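Me: Please give a close look at a single part of the structure below, and set it in the context of the whole chain. I should like one connected account rather than a list.

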Amino acid sequence: MPKGIKFSADNAEMRKLGLGTSDFPILMQASKYKTPVDLWAEKTGRVEPEDLSKKDAVFWGIHLEEPILRAIPKFFPELPNKVRKDQRTYWANDHIYAHLDGRIGKDIAEIKNQSIFQTSSWDDGQIPPWYYWQGIAAMLCCTKAEAWHIFALLGGQNLVHRTIYREDCLNDIQFALMRANEFWNRNVKEDVTPEIQNESDLRMVYPPEATHGSVLITEDIKKKMAKANQLDSLISRLGKQSKDLKSEAKIAIGSAETVHDGEGNVLYTFTYRKGKTTVDSAKLKKEYPEIYEDCIKVGNPYRALSKKKGNDEQ
């Protein structure tokens, strides 16, 4: 993509043609939701990026940016009183870009709207790592900015402020640039698959039509499977022990519905609950086949790793 092209942050089609700041946490393996394989699949057109514009959280995040920007001078008077909205596209090169929420003088302002369940990520002055790498990417694209400020509205009532200074993270900026260039040139342009990190990656790289043949077992596979079998056996034994102990405790409780401490505080309840309601699928299929077919839900195929019976090799 030619450097200098401008487009909106929610333009999914254009985002496939470069790496934006929101891609950097994935590249740096700081994302809780995606891996480099997921990003590779999106950028090479194997899968369509999720349309975030229809999510409520994204809608409110975008619409709260301006009010939060206007509130910065009131809550943080120590900062320069030159806060403004900025919706331009900034480029580090022909494939790395940044969309900014705002500026404070020449510095960058990032706005986040966080639910109450995310407040612990901001404890003790920390910046969540997935946002840290967005800040690094923004400074990579905006070379005149000496700092990246992030303002997060937590639970709709607490506005917190964190700062990354360029002079403190020069090594991270260079490392992020190297990683992004490597990913774009090798993984995207040359279409080389990134390192597989989990089973979701494995399904992406090796779908059902791409699995075939056999592989000679290695010592590494033997060791991993032996350790996994040991852990499975341990889990099974511990699960049985736990179940037996709970049964013994229930017998000791007898007919009582609650268990309390010496001060009368209820510690446990032991009550009957309504039976689980299920559908007799065999009867439904036999007597109402059309309804059964209409209600069937088929999950995605998966690969099961199982040991052949009678083979004690492992």
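Reply: Among contacts in the chain between residues at least 6 apart in sequence, 61% bring together residues at least 24 apart. The model is a predicted one. The chain is built from 11 helices and 9 strands. Its radius of gyration is 27 Å, well over the 20 Å that the globule rule gives for 314 residues, so the chain is more spread out than a compact globule. The C-alpha trace spans about 70 × 65 × 50 Å along its principal axes.

The surface completes this background. Of the 314 residues, 31% count as buried. The accessible surface of the chain amounts to about 21,800 Å², and carbon and sulfur atoms account for 52% of that area. As for charge, the chain carries 46 positive and 45 negative charges, whose mean positions are 1 Å apart.

The part chosen for the close look is the loop between helix H8 (199–205) and helix H9 (219–253), in which Thr211 lies. Thr211 has a relative accessible area of 32%; because this value falls between the limits of 20% for buried and 50% for exposed, the residue is classed as partly exposed. Locally, a polar atom of the Thr211 side chain lies 3.0 Å from the backbone oxygen of Pro208. Once neighbours within four places in sequence are left aside, Thr211 is in contact with Tyr206 and Arg303. Arg303 is 92 residues away from Thr211 in sequence, yet their C-alpha atoms are 9.6 Å apart in space. The contact between Thr211 and Arg303 thus joins residues that are 92 positions apart along the chain.

A second loop residue offers a useful point of reference. Asn93 is found in the loop between strand S2 (89–91) and strand S3 (97–99). Its relative accessibility is 17%, and Asn93 therefore counts as buried, the cut-off being under 20%. Two partners can be named for the side chain of Asn93. One of its polar atoms lies 3.0 Å from the backbone nitrogen of Ile96, and the side chain also makes a polar contact, at 3.2 Å, with the side chain of Asn181.

Taken side by side, the two loop residues read as follows: Thr211 is partly exposed, whereas Asn93 is buried. The side chain of Thr211 has a polar atom 3.0 Å from a backbone oxygen, that of Pro208, while the side chain of Asn93 has one 3.0 Å from a backbone nitrogen, that of Ile96.

Technical notes: Residues numbered from 1 in each chain as written. Predicted model: local features only at pLDDT ≥ 70, side-chain atom pairs only at ≥ 80, totals over all residues. Heavy atoms only, no water. Helix = DSSP H or I, 4+ residues; strand = E, 2+ residues; numbered from the N terminus. Rg over C-alpha atoms; globule rule 2.2 N^0.38 Å. Buried < 20%, exposed > 50% of the residue type's maximum accessible area, 1.4 Å probe, protein only. Contact = heavy atoms within 4.5 Å. Areas by Shrake-Rupley, 256 points an atom, 1.4 Å probe, with all protein chains shown as cover. Lys, Arg positive; Asp, Glu negative; His and termini not counted. Charge placed at Lys NZ, Arg CZ, Asp CG, Glu CD. Polar contact = N/O pair within 3.5 Å; in protein donor to acceptor, adjacent residues only side chain to side chain.
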